[in-house]
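Got the viewer open? Load the model, and let's walk through it one selection at a time.

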There are 2 protein chains.
Amino acid sequence: MLQSIMAFVHPVNHILKNVPEGPLFMSNKQKETIYDIAQKAGASASTVSAALNGTWKKRRISEKTAQRIIQIAREQGYTTNNQARALRTSRSGLVALLVPEYNRFFSNIAQTFSQEVRARNLCPVIISTERDPKEERHIVEDLSNWQIDSIFFVGSVSPEDLSRQCKDAQIPHVFVDQPCALAPSVVTDNRAGALMLTQQILASMPAATGDPLRDRVYFLGGDRRLPSTYNRIEGFSEAIRAVTGSVAPDQIIAKTYAKDAATQAIADLYGQLGGLPRGLFINSDSVFEGAMHFIATLPEDELQTCAFGCFDYEPFGQLLRFPVHMIRQRHKKLVQRAFWHLEHTTTPVLEQIEPELYRAKT
Amino acid sequence: MLQSIMAFVHPVNHILKNVPEGPLFMSNKQKETIYDIAQKAGASASTVSAALNGTWKKRRISEKTAQRIIQIAREQGYTTNNQARALRTSRSGLVALLVPEYNRFFSNIAQTFSQEVRARNLCPVIISTERDPKEERHIVEDLSNWQIDSIFFVGSVSPEDLSRQCKDAQIPHVFVDQPCALAPSVVTDNRAGALMLTQQILASMPAATGDPLRDRVYFLGGDRRLPSTYNRIEGFSEAIRAVTGSVAPDQIIAKTYAKDAATQAIADLYGQLGGLPRGLFINSDSVFEGAMHFIATLPEDELQTCAFGCFDYEPFGQLLRFPVHMIRQRHKKLVQRAFWHLEHTTTPVLEQIEPELYRAKT
DNA sequence: TGCTTTTGCACAATCGATGTTGCAAAGCAT
DNA sequence: ATGCTTTGCAACATCGATTGTGCAAAAGCA
């Protein structure tokens, strides 16, 4: 059984945090160790250790002695050597976040992660995997050599493998954005989000053209084999069916998240239909950017013939010359819930976070 | 004198890297140590250590023994405990990047940084400082307790303080984006970039209105007390002077990078002038986003009365309903040169990297 | 006062790797 | 065969913290 590790924090860092600016960074003097402090305090190293890391009560050190030691340590600007501590306790104080790349969404995740980790007085290690399963493996192996305390996987490509690897190495871990069947996972409620977004698209569609192929809403981008895209397609389909009764397979174009592919796909679609469709569901910001490269070339009046929705939040999306409805994933909540799971459970549960809909002004 | 640390890599990680998938993650068996390997190889721990970390030649271990040990280690899936190594050698193998926040530019930097660090078989630690000098101090202190090998400061607010702090703790360091007088720094050539951008703005300005105040180019956003903004103002002014002979103080509005402030500033300017100016130099992506919130509310034809330039690259900037020229900072080169300085020098030099101009189609 | 319990702390082992020292065996020259 | 150098490796101390154990002194109780 994996252990919750996050809750544990060494108090010495807090105790010594607010050091007067003065003698602290005085010179090149070698860094002080507990032995130096011990000598200056006329105590033993073990007593100093106990005093500083907060276990002095349990170790029956008198409050007076503890305070004296803390005082001296503070004066000397003592700070503990994390490697030594990690070696002894086999807890490194490092927490890792693995992201596929640094796009807007993942950067937001990273930002929140970094804050949460530092709030717990631990050290964030953020690494990008380039969406490569082999690289993911290697990184986890490396991290395990650093006795990493726990790992957050975001948008991972091979969750189950990674989870097994972590379990073998006894590393607590949690999945964000892409779920894992074997470990706690926190993801956006993609189905509900897609449903909302599609309903909004449907509600703001311009007048029908009469051409049945053009009068449909299309789903563009993503990878239908991934759970996130799959669920978005589900939500999309549900909304469409509620109105038209059925969804045609060719309404859904979901093979990749790649930018260029999106540009090509929308150009092809435009060619086939002889114009833009009446509604377009754009799956993710990269697809958005790709699609825009084509769409931006169209004349003004054509742009008004289509209702756009994007499953991701992009501030500049609000500033285009046509309205785009957007779904914003709650990155903060995603990360915070992930921490919660790490700290309170180890069983494979799936938590879904409802995203927000940004309605474009029309 | 600081020492270059980056060049040093323990070869064991390379040697053992391509482990067959088989017996590696077999079970929960405790992680092997060099003592276990020593026993299995009928050798001493020190011999195993030497064999694995590549110093066996120097330590006069026979090639035969070394190979045998490496073979056994590989079979057992041995990997070295980085804490123990770090404690002994006082090199952690960790390299830190401090960024103010995760915006597009800094995220790109982080991405490149992460790749470069991993290519050197080290571990990237990326932390955001929230532009708070106190937080910066604390982070550096924490990192020093982790025996961090070196630190990259990006867009730091108090470079000199940090540099001193690092020197006291004997941590090699380098500054990116914001220079430091006391340490190697790699920054974008802001003056040259601003010059290019301003010239482009001037070249694509629409017809004059006749109102001298509106017919000028304005510089919007940033903080003139920071070197980067200062230099951009220099470049801007140089370009303007070449055409008009002089720059008026009120052409330059550079107090902050904050989004909301930018929205307000451009709205005010619009109010004063009774319309948009004939040219606008937007300093940074955050200012761009802020300004757009106002500009997006304007009617189509008004937008054609101003030539826009932005000192930052934002893909969606190309997709707006009016052309925006942009400067792209070479984040890859910035980071790579920073590594170079860390590995080859410790003297305070300033290297400037020329950015690229993206001309908008008109 | 004498005996038990509690308090307060020092000692020493330990985490896993590195690097210095020392010592036997092998190699070589005379 | 003898002395001298070189080779090959094991023993041991060390990095700086944590933690189990033991032992005086102080406190409590009769």
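What lies 3.2 Å from a polar backbone atom of Asn81(A)? Select Asn81(A) and look: a phosphate oxygen of DNA strand D is there, a polar contact (a pair of N or O atoms within 3.5 Å; within protein, one must be able to donate a hydrogen and the other to accept it, and residues adjacent in sequence count only if both atoms are side-chain atoms).

Before moving on, note that this is a predicted model, where local features need pLDDT of at least 70, side-chain atom pairs count only at pLDDT 80 or more, and totals for chains, interfaces and linings use all residues. Residues are numbered from 1 along each chain as its sequence is written, chains are lettered from A and ligands numbered from 1 in the order in which they are written, and side-chain values use heavy atoms, with hydrogens and water left out.

**Stop 1: DNA strand D**

Next, pick Asn53(A): an N or O atom of its side chain sits 3.2 Å from a phosphate oxygen of DNA strand D. Then hop to Ser44(B), where a polar backbone atom is 2.8 Å from a phosphate oxygen of that strand.

Now select everything near DNA strand D (a heavy atom within 4 Å of it). You should get 28 residues, with Ile34(A), Ser49(A), Arg59(A), Arg88(A) and Thr65(B) coming nearest. On the DNA side, sugar and phosphate make up 47% of the strand D atoms that come within 4 Å of the protein.

Color that surface by class and you'll find seven nonpolar, 15 polar and six charged residues. Here Ala, Val, Leu, Ile, Met, Phe, Trp, Tyr, Cys and Pro count as nonpolar, Asp, Glu, Lys and Arg as charged, and the others, Gly among them, as polar. Highlight α5(A) too: with four residues, this helix gives the most to the surface (helices are DSSP runs of H or I, at least four residues, numbered from the N terminus).

**Stop 2: chain B against chain A**

Superpose chain B on chain A: a turn of 180° and a shift of 0.1 Å along the axis give an RMSD of 0.2 Å (least squares on C-alpha atoms of residues with pLDDT of at least 70 in both). That's the relation of a two-fold axis.

For the contact itself (heavy atoms within 4.5 Å), select 63 residues from chain B and 63 residues from chain A.

Last, show Arg118(A) and Asp142(B): they form a salt bridge, with the closest N and O atoms 3.5 Å apart. The count between the two chains is six salt bridges (a side-chain nitrogen of Lys or Arg within 4 Å of a carboxyl oxygen of Asp or Glu).

Definitions and conventions. Helices (H or I, at least four residues) and strands (E, at least two) are DSSP runs, numbered from the N terminus.
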